[in-house]
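Reader: I'm new to protein models and not sure how to read one. Could you walk me through it?

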Amino acid sequence: MSQLPPPEHIAIIMDGNNRWARHRFLPRVMGHKAGIESIRRVAEACDKRGVRVLTLYAFSTENWSRPRDEVDALMTLFGETIRRELDELARRHIELRFSGRLEELSPALQDQMRQANERTSVGGRAILNIAINYGGRGEIVDAVRAMAREGIDLKQVDEVTIGNHLYTQGLPDPDLVIRTAGEMRLSNFLLWQTAYSEFFSTQTLWPDFGEDDLDQALASYHRRERRFGARPEVSNRGR
Ligand code: IPE
Ligand code: IPE
Ligand code: MG
């Protein structure tokens with residue numbers, strides 16, 4: 001049996017929407033629409049299992065290089081989804097946060113994101129954090145710039161100072177990172193925060209990802225031994 005408590009923070013690289021649509025001879029946008037349904041399902045399942053923070057990688061800084069119509073469709077979908085889901089999130093006391101270079105998104109979407117966060121941030125018992133226009137390297141660059149703007153003496157900077165200037169300030173590091181659709185890379189996701197996260201990759205495409213897949217990831221997580229560089233615990237493992 002695992003000694004590990006349930007993960008406090010799960011981060012998911014939601015991948016495979018296009019492949020899901022292609023397999024069904026559907027337009028790309030249908031894959032992304034189906035992906036939104038998975039978000040609703042998985043967010044609820046995580047909440048039920050006591051996961052306090054769920055971070056979802058929705059759009060990377062590199063995703064602007066996709067065809068214009070796909071980018072436009074994604075941005076429209078983000079706005080529509082916030083509008084549609086906000087009441088329910090507020091009712092369930094889930095804070096909606098956004099991490100990324102938000103200032104590069106359209107002013108209308110920025111307004112929506114700000115209002116959504118204001119409405120849900122008081123008294124939230126769990127956090128749904130959407131990584132949008134997010135890039136891990138860019139986040140570190142932005143943290144350095146923010147520290148310089150604040151006049152912080154760069155000779156005094158330590159890991160805590162940097163952590164406090166990331167988009168994810170105040171959030172614990174992810175305990176578990178899940179990537180769907182079989183890829184085994186981080187794609188510029190939470191580079192700083194995943195230093196000691198456990199990684200789980202599944203072949204399941206994001207639109208097909210459901211409670212069973214989540215439970216598989218959790219079961220795998222509970223079989224891990226997190227060492228953080230220390231000497232392994234003496235255990236019955238492998239006897
Ligand atoms: C993930 O699915 C969604 C985003 C990156 C926005 P993809 O669109 O990357 O799907 P695949 O990986 O091409 O199948
Ligand atoms: C990572 O997926 C970004 C998101 C899930 C938003 P990509 O599909 O963009 O990553 P690569 O291109 O396969 O590395
Ligand atoms: Mg992909």
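Author: We'll go through the two ligand sites and then a few single residues. Keep in mind that this is a predicted model.

Reader: Okay, ligands. How do I find out which residues are around ligand 1?

Author: The idea is to list the residues with a heavy atom within 4 Å of the molecule. For ligand 1, that list holds Met-14, Asp-15, Gly-16, Asn-17, Asn-18, Arg-19, His-32, Ala-58, Asn-63, Arg-66 and Leu-74.

Reader: And which helix gives the most to that shell?

Author: That's helix α1, residues 17-23, which supplies three residues.

Reader: Which side chains have a polar atom by an oxygen of ligand 1?

Author: Here you look for N or O pairs within 3.5 Å. Asp-15 has a polar side-chain atom 2.8 Å from a ligand 1 oxygen. For Arg-19, the distance from a polar side-chain atom to an oxygen of the ligand is 2.7 Å. Arg-66 also has a side-chain N or O atom 2.7 Å from an oxygen of ligand 1. As for cover, ligand 1 on its own has 380 Å² of accessible area, and the protein covers 85% of it.

Reader: What kind of space does ligand 1 take?

Author: The space it takes is the largest pocket. The space taken by ligand 2 is the largest pocket as well.

Reader: So on to ligand 2. What's around it?

Author: Read it the same way. Its surroundings are Ile-13, Met-14, Asp-15, Tyr-57, Ala-58, Phe-59, Ser-60, Asn-63, Arg-66, Arg-179, Arg-185 and Ser-187. Strand β2, residues 53-60, gives the most to this shell, with four residues.

Reader: How far are the side chains of Arg-179, Arg-185 and Ser-187 from an oxygen of ligand 2?

Author: Take them one by one. A side-chain N or O atom of Arg-179 is 3.4 Å from a ligand 2 oxygen. For Arg-185, that distance is 2.8 Å. Ser-187 places a polar side-chain atom 2.6 Å from an oxygen of the ligand. Taken alone, ligand 2 exposes 390 Å², and 77% of that is buried by the protein.

Reader: Now single residues. Is Asp-175 buried or exposed?

Author: You check the relative accessible area, where buried means under 20%. Asp-175 has 15% relative accessibility, so this residue counts as buried. You'll find Asp-175 in the loop between α6 (159-163) and β5 (176-179).

Reader: What does Asp-175 touch, beyond its neighbours within four places in sequence?

Author: Its contacts there are Pro-7, Glu-8, His-9, Ser-197, Glu-198, Tyr-221 and Arg-226. To practise with distances, try Asp-175 and Gly-123: they are 52 residues apart in sequence, and their C-alpha atoms are 24 Å apart in space.

Reader: One more thing: backbone angles. Which residues have a positive phi without being glycine?

Author: Look at the sign of phi, then check the residue type. His-93 has a positive phi of about 60 degrees and is not a glycine. Ala-181, also not a glycine, has a positive phi near 70 degrees.

Reader: Where are they, and are they buried or exposed?

Author: His-93 is in the loop between α3 (68-91) and β3 (94-99). Its relative accessibility is 44%, so His-93 counts as partly exposed. Ala-181 lies in the loop between β5 and β6 (198-201). With a relative accessible area of 7%, Ala-181 is buried.

Key:
Residues are numbered from 1 along each chain as its sequence is written. Chains are lettered from A and ligands numbered from 1 in the order in which they are written. This is a predicted model: local features need pLDDT of at least 70, side-chain atom pairs count only at pLDDT 80 or more; totals for chains, interfaces and linings use all residues. Side-chain values use heavy atoms; hydrogens and water are left out. Helices (H or I, at least four residues) and strands (E, at least two) are DSSP runs, numbered from the N terminus. Buried means under 20% relative accessible area, exposed over 50%, partly exposed in between (1.4 Å probe, protein chains only). Contact means heavy atoms within 4.5 Å. A polar contact is a pair of N or O atoms within 3.5 Å; within protein, one must be able to donate a hydrogen and the other to accept it, and residues adjacent in sequence count only if both atoms are side-chain atoms. Accessible areas come from the Shrake-Rupley method with a 1.4 Å probe; for residues, only the protein chains shown count as cover. On a 1 Å grid over the protein atoms alone, a cavity is a set of points where a 1.4 Å probe fits but cannot get out, and a pocket is an open set with protein on both sides within 12 Å along at least five of seven lines; lining residues have an atom within 4 Å of a point. A molecule sits in a cavity or pocket if more than half of its atoms lie within 2 Å of its grid points.
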